[in-house]
Amino acid sequence: MQPSYVLQKIHAGETVITAKSCYTDPELVEMIASSGFDAVWICLEHKRVDASMVYALIQACRLGGADALIRVKPSNYTDVLHLIEAGARGIMLPRVKHPDEVHEVVRAMNFPPLGARGYDGIHAEADFGRIPPAEYLVKANDENFLVVQIEEPEVVPYIDEIAATPGVDVLFVGPADLTLGLGKFGMTDDPEVRAILQSVADACARHGKVAAIPCAPEQVKGYHDMGFRFFNVISDFRCVSNGMKAARAAVEI
């Protein structure tokens, strides 16, 4: 089993840098993964993707040398299980409002004693049955990670409780939805918003977890100074959109 690139960075006390893929092209995902990012964030929340394509995107991450981090709001146990058995290293849980939602995903992702996951050791995560079962049970729990998004105003009172939850590795602020829910869309410098961001970083520091946020590369230092250690800094959409605009503008006559 390939160790998680993200968890290797976290355990070493290093900063995690990821990129988001908005398009369902395995070759593009492989290119992103092979560009030096620790994980590729693939979203199943805002885009419906065929299961076979999701599997191909996860394969592309493995081939490119990065973790597949899949954002999904599971409706049942198998929504999580299929992804991690296919080789996704991280699950990102969006729109959390209460810790009970987190506990359910922890149970789905992990074998006992941490969770209640069922065993089937023939898939990509288990090197297609080549890992001895006892070793697989331990490695799967050790190498998969859970990212909980803090983006609903209702979850703010539970930030510390979620950070303290075994099986949670990262608290990932969603600035757009958080500020939208607060009636302050895009106002990330608002004192109330800044206080919430700081509370996430502080809770993670207290409980040995990692605070994460998506931001532009030039914003990383400021958030790092607040205590954030996990950053999504670019997407394929931004690369294509900005590149097209720049190229077209460069040839204006």
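## A charge over a ring

A charge sits over a ring if NZ of Lys or CZ of Arg is within 6 Å of the ring centre and within 35 degrees of the ring normal. Here K20 does just that with W41, lying over its face at 4.6 Å from the ring centre.

A quick word on what you're looking at: this is a predicted model, where local features need pLDDT of at least 70, side-chain atom pairs count only at pLDDT 80 or more, and totals for chains, interfaces and linings use all residues. Residues are numbered from 1 along each chain as its sequence is written, and side-chain values use heavy atoms, with hydrogens and water left out.

## The barrel

Eight strands close up into a barrel in the order β1-β2-β3-β4-β5-β6-β7-β8, with parallel pairing. From one strand to the next, the twist averages 25°. Strands pair here if DSSP finds at least two bridges between them; strands (E, at least two residues) and helices (H or I, at least four) are DSSP runs, numbered from the N terminus. As a general reminder, strands of a sheet pair through backbone hydrogen bonds, either parallel or antiparallel.

Take β1 (residues 16-21) and β2 (residues 39-43): they run parallel and are joined by four bridges, with S21 partnering I42 in β2. Helix α5 (residues 99-109) packs on the sheet, where it touches β4 (90-93) and β5 (145-150), and its direction makes about 165° with that of β5. Axes behind such angles are lines fitted to C-alpha atoms, for helices over the stretch in contact, and the angles run from 0 to 180 degrees between N-to-C directions.

## Strand β3, covered on both faces

β2 also pairs with β3, again in the parallel sense, over five bridges. W41 turns up here too, with L69 as its bridge partner in β3.

Five of the five residues of β3 (residues 67-71) are buried, so the strand is largely enclosed by the rest of the structure. Buried means under 20% relative accessible area, exposed over 50%, and partly exposed in between (1.4 Å probe, protein chains only). Both faces of β3 are covered: one side has D67, L69 and R71, the other A68 and I70, and all are buried.

## Two nonpolar cores

A nonpolar core is a set of buried Ala, Val, Leu, Ile, Met, Phe, Trp, Tyr and Cys residues joined through side-chain atoms within 4.5 Å. The largest one has 57 residues, and those with the most contacts inside it are I91, V102, L146, L171 and F228. Helix α9 (residues 191-207) gives the most to this core, chipping in seven residues. A second, separate core has 16 residues, including V6, W41, F145 and A212.

L171 keeps plenty of company: leaving out residues up to four places away in sequence, it touches V148, I150, I159, I162, A163, V200, C204, V210, A211 and A212. Contact means heavy atoms within 4.5 Å.

## Aromatic pairs

Rings of Phe, Tyr and Trp (its six-membered ring) pair if their centres lie within 6.5 Å; planes under 30 degrees apart count as stacked, over 60 as edge-to-face and the rest as tilted. By this rule the count comes to six aromatic pairs. In F172 and F230, the ring centres are 6.2 Å apart and the planes sit at 80°, so the pair is edge-to-face. F172 lies in β6 (residues 170-173) and F230 in β8 (residues 230-235), so the pair ties together parts that are 58 residues apart in sequence. F172 counts as buried at 1% relative accessibility, and so does F230 at 0%.

Y223 and F228 make another edge-to-face pair, with centres 5.9 Å apart and planes at 70°. Y223 is buried at 7% relative accessible area, and F228 at 0%. As for clusters, W41, F172 and F230 form one.

## Three charged or polar spots on helices

E85 belongs to helix α4 (residues 77-85) and is buried, with a relative accessible area of 8%. Setting aside neighbours within four places in sequence, E85 is in contact with R117, D120, H123, A124 and E125.

K9, in helix α1 (residues 5-11), counts as partly exposed at 22% relative accessibility. Beyond residues up to four places away in sequence, K9 touches E14, T15, V16 and D38. The C-alpha atoms of K9 and D38 are separated by 8.3 Å, though the two are 29 residues apart along the chain. H103 sits in helix α5 and counts as partly exposed at 30% relative accessibility.
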